[in-house]
Amino acid sequence: MKGTDAYQLFRDFYPDTDFTVTYFEPCIIINASLQSRMTHKRGMSSVNLLSNIAVSGFLLLMSACKVQLQQMDSSQSVTAMVGEDVVLPCLLEPPKDASQMTVEWGRLDLEPRFVFVSLDGQAYPADQNEAYKGRSSMFPDKLKNGDISLKLSDVRHSDNGRFRCYIPNEEKEYFVDLVVGK
């Protein structure tokens with residue numbers, strides 16, 4: 001089931017529910033927000049309605065996801081000024097040696113999405129977005145302690161946005177929002 005199919009199925013099943021849909025390949029995440037008029041309109045108790053939506057949302061999520069990602073913490077926010085260097089923090093919890101891991105830093109709104117990729121502690125420039133060549137790096141000496149933070153040099157306005165730190169073998173992801181000022 002594609003994300004758009006899950007969205008339409010949820011919309012058809014709960015037409016009076018306000019909700020937002022977040023697409024994150026390959027998953028769809030549905031956040032439902034109930035209105036009190038809905039419980040009166042259908043004559044359902046709010047607990048019964050909530051459990052129906054929770055079960056339906058779970059089933060849609062399970063059918064739309066091929067991989068279950070473990071998202072660590074909520075996203076962090078980092079602020080930087082144009083021209084500065086900035087570190088986007090990403091620490092493995094619990095700390096462990098990341099020097100032999102694959103680490104992907106990317107932005108899902110870019111094509112190609114890769115900002116920086118580390119394979120076994122070495123930079124892997126294939127498929128790296130041109131805007132980040134020569135401006136992104138990690139700290140090889142800190143990988144043994146689980147520090148997989150990204151250093152971004154010469155920050156630009158176009159760097160403003162959400163960055164994802166993803167460890168494919170662990171199926172873990174971390175998010176950092178970079179806010180760029182003038």
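In the predicted model, Arg 164 of strand 11 is the bridge partner of Gly 106. This pairing belongs to an antiparallel arrangement of strand 6 (residues 102-106) with strand 11, which extends over 3 bridges. Strand 11 also pairs with strand 12 (residues 172-181), again in the antiparallel sense, and here 7 bridges are found. Within that second pairing, Gly 161 is placed opposite Leu 178 of strand 12. Strand 11 itself spans residues 161-167, and 6 of its 7 residues are buried, so the strand is largely enclosed by the rest of the structure.

The hairpin formed by strand 11 and strand 12 has 4 residues between the strands. Glu 171 is found in this loop and has a positive phi of about 55 degrees, although it is not a glycine. The relative accessibility of Glu 171 is 34%, a value between the limits for buried and exposed, and the residue therefore counts as partly exposed.

The packing of the interior was examined next. The largest nonpolar core contains 26 residues, of which Leu 88, Trp 105, Ile 148 and Leu 178 touch the most other members. At least two residues of this core are supplied by each of strand 4 (76-81), strand 5 (86-88), strand 6, strand 7 (114-119), strand 10 (150-152), strand 11 and strand 12. Strand 12 provides the largest share, with 4 residues. Leu 178, listed above among the residues that touch the most other core members, is also the residue of strand 12 that stands opposite Gly 161.

The surroundings of Ile 148 were resolved in further detail. When neighbours within four places in sequence are left aside, Ile 148 is in contact with Cys 90, Leu 92, Ala 98, Val 103, Trp 105, Met 138, Leu 143, Cys 165 and Ile 167. Two cysteines are included among these contacts. Cys 90 has a relative accessibility of 1% and so counts as buried. Cys 165, at 0% relative accessibility, is likewise classed as buried. The structure holds 0 disulfides.

Charged side chains were then considered. Side chains of opposite charge can pair when their charged atoms come close. A search of the whole structure yields 9 salt bridges. One of them is formed by Lys 96 and Glu 170, with the closest N and O atoms 2.8 Å apart. This pair links distant parts of the chain, since Lys 96 lies in the loop between strand 5 and strand 6, whereas Glu 170 lies in the loop between strand 11 and strand 12, 74 residues apart. Lys 96 is partly exposed, with a relative accessible area of 35%, and Glu 170 is also partly exposed, at 26% relative accessibility. Together with Lys 172, these two residues are linked in a network of salt bridges.

A further salt bridge joins the side chains of Asp 159 and Arg 135, at an N to O distance of 2.8 Å. Asp 159 is located in the loop between strand 10 and strand 11, and Arg 135 in the loop between strand 8 (122-123) and strand 9 (136-138); the pair therefore ties together parts that are 24 residues apart in sequence. Asp 159 has a relative accessible area of 0% and is buried. Arg 135 counts as buried as well, at 6% relative accessibility. The side chains of Glu 130 and Lys 133 also meet in a salt bridge, with an N to O distance of 3.2 Å. In that pair, Glu 130 counts as exposed at 59% relative accessibility, while Lys 133 is partly exposed with a relative accessible area of 39%.

Backbone geometry was also inspected. Most residues other than glycine have a negative phi, and most peptide bonds are trans. Exceptions occur in several loops of the model, as described below. The peptide bond that joins Glu 93 and Pro 94 is cis, with omega about -5 degrees, and Pro 94 is placed in the loop between strand 5 and strand 6. Lys 96 is in the loop between these strands as well. A cis peptide bond is also present from Glu 111 to Pro 112, where omega is near -5 degrees; Pro 112 has its place in the loop between strand 6 and strand 7. Asp 120, although not a glycine, has a positive phi of about 50 degrees. Asp 120 is found in the loop between strand 7 and strand 8, and its relative accessibility of 43% classes this residue as partly exposed.

Technical notes. Residues numbered from 1 in each chain as written. Predicted model: local features only at pLDDT ≥ 70, side-chain atom pairs only at ≥ 80, totals over all residues. Heavy atoms only, no water. Buried < 20%, exposed > 50% of the residue type's maximum accessible area, 1.4 Å probe, protein only. Pairing = 2+ DSSP bridges. Disulfide = S-S within 2.5 Å. Core = buried A, V, L, I, M, F, W, Y, C linked by side-chain atoms within 4.5 Å. Contact = heavy atoms within 4.5 Å. Salt bridge = Lys/Arg side-chain N within 4 Å of Asp/Glu carboxyl O.
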